[in-house]
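Subject: Structure for you to look at

Dear colleague,

I am passing on a structure that I would like you to look through at your own pace. Please open it beside this message, and then read on for what was found in it.

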Amino acid sequence: MSELNRLDGQSPQKQFKRKALTALGVSIIADILDYVAAPIFAVPVVGDIFDVITIALLYNITKSKFATTLNMIEFVPVIGDLLPVYTLATVSWIIKESTSMYVKGPIQRFQGPLNQVTSPIRAFANHFQRR
């Protein structure tokens, strides 16, 4: 129980890094298994069960509907077998989340009288109206 309490006290950036590394590791391993064990996963039921388990595991880690939707490309017969779908979906999720965390987050948290970052024209006009 103390391990769970220690993880809850971490900053959101550290939690995101841990989730991103875990999801990326699972994605890379799943894509490697998809290529190496292609004869085994070529059987429709076996391959689909592996895909469903992997997609559910990645959703449990990321909680992202966006990445899960991209992971569904794995069910397209030719494209899903040739592309590293899990890794591409996880990398796109990492880019999307890190952008919202490190770029959009600080801009939205700005609480100044004039928001020069998001509305520079209004800030410029207000600056001259005050004089």
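What percentage of the 131 residues of the chain count as buried? The answer is 27%, and please keep in mind throughout that this is a predicted model.

**Overall layout**

The chain holds eight helices and zero strands, so that you will meet α elements from the N terminus on, in the order α-α-α-α-α-α-α-α. Of the contacts in the chain with a separation of 6 or more, 58% are accounted for by residues 24 or more positions apart.

**Helix α2 and the core**

A good place to begin is α2, where a simple check can be made: at 1.5 Å a residue, its 25 residues should span 36 Å, and because the C-alpha atoms at its ends are 36 Å apart, the expected and modelled values agree. Within α2, the buried residues are F16, A20, A23, S27, A30, D31 and D34. When you look at how these positions are spaced, it helps to recall that an α-helix has 3.6 residues a turn, so residues three or four places apart point the same way.

Some of these residues also belong to the largest nonpolar core, which has 14 residues, and in which F16, A20, A23, Y86, W93 and I94 touch the most other members. The elements that give two or more residues to this core are α2 (12-36), α4 (44-62) and α7 (85-108).

Which residues does F16 contact, once its neighbours within four places in sequence are left aside? They are W93, I94, E97, S98 and M101.

**Aromatic pairs**

The structure holds two aromatic pairs. In one of them, F16 and W93 form a tilted pair, with 5.6 Å from centre to centre and 50° between the planes. This pair links distant parts of the chain, since F16 lies in helix α2 and W93 in helix α7, 77 residues apart. Both F16 and W93 are buried. There is also the pair formed by F41 and F50, which is stacked, with 4.3 Å from centre to centre and 15° between the planes, and here too both F41 and F50 are buried.

A ring also takes part in an arrangement of another kind, in which K96 lies over the face of F66, at 4.6 Å from the ring centre.

**Two residues that touch W93**

Is K19, which lies in helix α2, buried, exposed or partly exposed? Its relative accessible area is 34%, and therefore K19 counts as partly exposed. Not counting residues up to four places away in sequence, K19 touches I61, T62 and W93. With T62 in particular, the separation is 43 residues in sequence, whereas the C-alpha atoms of K19 and T62 are 6.8 Å apart in space.

S64, for its part, is found in the loop between α4 and α5 (65-71). Although it sits in a loop, S64 has a relative accessible area of 9% and is therefore buried. The side chain of S64 reaches the backbone nitrogen of A67 at 3.1 Å, and, with residues up to four places away in sequence not counted, S64 touches Y59 and W93.

If you would like a place to start, please find W93 on your screen, and follow from there its pairing with F16 and its contacts with K19 and S64.

With best wishes

Terms used
Residues numbered from 1 in each chain as written. Predicted model: local features only at pLDDT ≥ 70, side-chain atom pairs only at ≥ 80, totals over all residues. Heavy atoms only, no water. Core = buried A, V, L, I, M, F, W, Y, C linked by side-chain atoms within 4.5 Å. Buried < 20%, exposed > 50% of the residue type's maximum accessible area, 1.4 Å probe, protein only. Helix = DSSP H or I, 4+ residues; strand = E, 2+ residues; numbered from the N terminus. Contact = heavy atoms within 4.5 Å. Polar contact = N/O pair within 3.5 Å; in protein donor to acceptor, adjacent residues only side chain to side chain. Phe/Tyr/Trp six-rings, centres within 6.5 Å; stacked < 30°, edge-to-face > 60°. Lys NZ or Arg CZ within 6 Å of the ring centre and 35° of its normal. Expected span 1.5 Å × (residues − 1).
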